[in-house]
Amino acid sequence: MEDPMKYLLRRLVRRIPAQLLKPTLEKWGRLTMAQKQTIDFTQSKWAITDTLLAFCEENGWTIKHIVELELTYVIDNPNQGLWHAFQLMDPEADAQAVELLQFKEQFKSHLSELVRNVSVKIKKNTDEAVWIRIAWGDSFSRPNNLKPTYVVHYLQSCYVFVTRLTSKQKPLLSQALIIATRHQAIKDAHLSGPKLTAIRDLLMQQYEQVFPTNYPSRLPSQTHSHPHIEREQAEAEVNRLQMAREAFGGGNLPQLQSVVYKLETKFRDPTNKTMTEQERPFKCMVKFASTNILESLRHCASSGIASTPVTLLLSSIPRKGRNYFVITDNVPGPSSQPDQPPN
């Protein structure tokens, strides 16, 4: 057995949590019933790996079979690494008719034309997502299976999610995706995060959206000393909650963990002429972070911590499906005022 295969298997077993190792191997479907019964999952991972290596020798498995095991684990545990969202642009007339087999053939053949040594594994998940694992090589080296790129695409949609992609590999992947999906271009959606499910649900609007209504439902309010005060506070509470839900959504929200605002504006402070009179824009970056940034912002608005209506700088996160914004002044050219929706 070649050393790269041994090393990949050992690293993969170390990576899989102990409680997930047995179900992952069962879902892999390569082990016989007798082989599964032979594995003692109370042993160390090193001993388990030695057992699996023996099965590899016995069954004549290659590195492609170990790649299948890795893909099985990653599909079931996608919230790892840093995922970036992209949007396909200008679909051709037959873009909606692209099927999985056609997509596979087009993607693999074109990527192979662009890169001499590349290994591609494509698998369709039960939720209709097409998962692509790419091990990149070049003219002088074999595909590196230790640093693969993962791509997730839902056929007949315009969204693509990518992790572990270098700047050198980006144009190659983009060209292969454009051809295989029958589009004209692809652009950065300015949305990223460690949870694939969160950025997918936000971008594809797979969460409960709340639309403006003239008849919001009343909420039970606490008892106050005066009925007029009670009615006024109850109405204010209902309005805050309604506006917060309209801005960020209702129910469980995608667990987006951060949002970044990059400011490129004029410095405005009449007491500081040195900074105000500079021609170059003032640049800085503001980052909000939370275990669930949308839930945190919704709570701030509904509880009265933040003012309502919610500013467009914050409500643009779910409305535009982005968590990276550049805010510029409204000067001649493709820029906008800071108090307008961010680009």
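These legends go with several close-up views of a predicted model.

**View 1. Strands S2 and S3 pair up in a hairpin.**
Start with the two strands: S2 covers residues 118–124 and S3 covers residues 129–136. The strands run antiparallel, and 7 bridges join them. To find one facing pair, look for Val 120 in S2, which stands opposite Ile 134 in S3. How many residues lie between the strands of this hairpin? There are 4, and the hairpin also contains Glu 128, which takes a positive phi near 75 degrees.

**View 2. Asn 125 sits in the loop between S2 and S3.**
Is Asn 125 buried or exposed? Its relative accessibility is 19%, so Asn 125 counts as buried, the cut-off for buried being under 20%. Look next at what surrounds Asn 125: leaving aside neighbours within four places in sequence, Asn 125 is in contact with Ile 75 and Trp 131.

**View 3. A salt bridge links Glu 128 and Lys 124.**
Stay with the hairpin and follow the side chains of these two residues. They meet with a nitrogen-to-oxygen distance of 2.9 Å. Glu 128 has a relative accessible area of 44%, so Glu 128 is partly exposed. Lys 124 counts as partly exposed too, at 35% relative accessibility.

**View 4. The largest pocket is lined by 17 residues.**
Here you can look into about 460 Å³ of space. Which residues lie nearest the centre of this pocket? They are Ile 63, Val 67, Ser 119, Pro 143 and Asn 145. Helix H1 (3–15), helix H5 (63–76) and strand S2 each give two or more residues to the lining. H5 provides the largest share, with 4 residues. Sorted by class, the lining has 8 nonpolar, 3 polar and 6 charged residues.

**View 5. The second largest pocket draws on helices H9 and H12.**
This pocket has a volume of about 320 Å³. Of its 18 lining residues, Glu 246, Ala 247, Phe 248, Ser 315 and Arg 319 are the closest to the centre. Which helix gives the most to the lining? That is H9 (227–248), with 5 residues. The whole lining divides into 11 nonpolar, 4 polar and 3 charged residues.

**View 6. Helix H12 has five names to look for among its buried residues.**
H12 spans residues 312–320, and its buried residues are Leu 314, Ser 315, Ser 316, Ile 317 and Pro 318. You have already met Ser 315 close to the centre of the second largest pocket. Just after the helix comes Gly 321, which takes a positive phi of about 65 degrees.

**View 7. Arg 268 and Asp 329 form a salt bridge.**
The closest N and O atoms of this pair are 2.9 Å apart. Arg 268 lies in the loop between strand S7 (258–265) and helix H10 (273–276), while Asp 329 lies in the segment after strand S9 (324–328), so the pair ties together parts that are 61 residues apart in sequence. Which partner is exposed, and which is buried? Arg 268 is exposed, with a relative accessible area of 60%, whereas Asp 329 is buried, at 7%.

**View 8. Arg 30, Glu 68 and Lys 121 belong to one salt-bridge network.**
These three residues are joined by salt bridges that share partners. Across the whole structure, a search finds 13 salt bridges. Another one to look for is between Glu 264 and Lys 262, whose side chains meet at 3.7 Å, N to O.

Definitions and conventions. Residues numbered from 1 in each chain as written. Predicted model: local features only at pLDDT ≥ 70, side-chain atom pairs only at ≥ 80, totals over all residues. Heavy atoms only, no water. Pairing = 2+ DSSP bridges. Buried < 20%, exposed > 50% of the residue type's maximum accessible area, 1.4 Å probe, protein only. 1 Å grid on protein atoms, 1.4 Å probe; cavity = no way out; pocket = protein on both sides within 12 Å on 5 of 7 lines; lining within 4 Å. Points joined across faces, edges and corners; volume = space filled by probe spheres on them. Nonpolar A, V, L, I, M, F, W, Y, C, P; charged D, E, K, R; others polar. Contact = heavy atoms within 4.5 Å. Salt bridge = Lys/Arg side-chain N within 4 Å of Asp/Glu carboxyl O.
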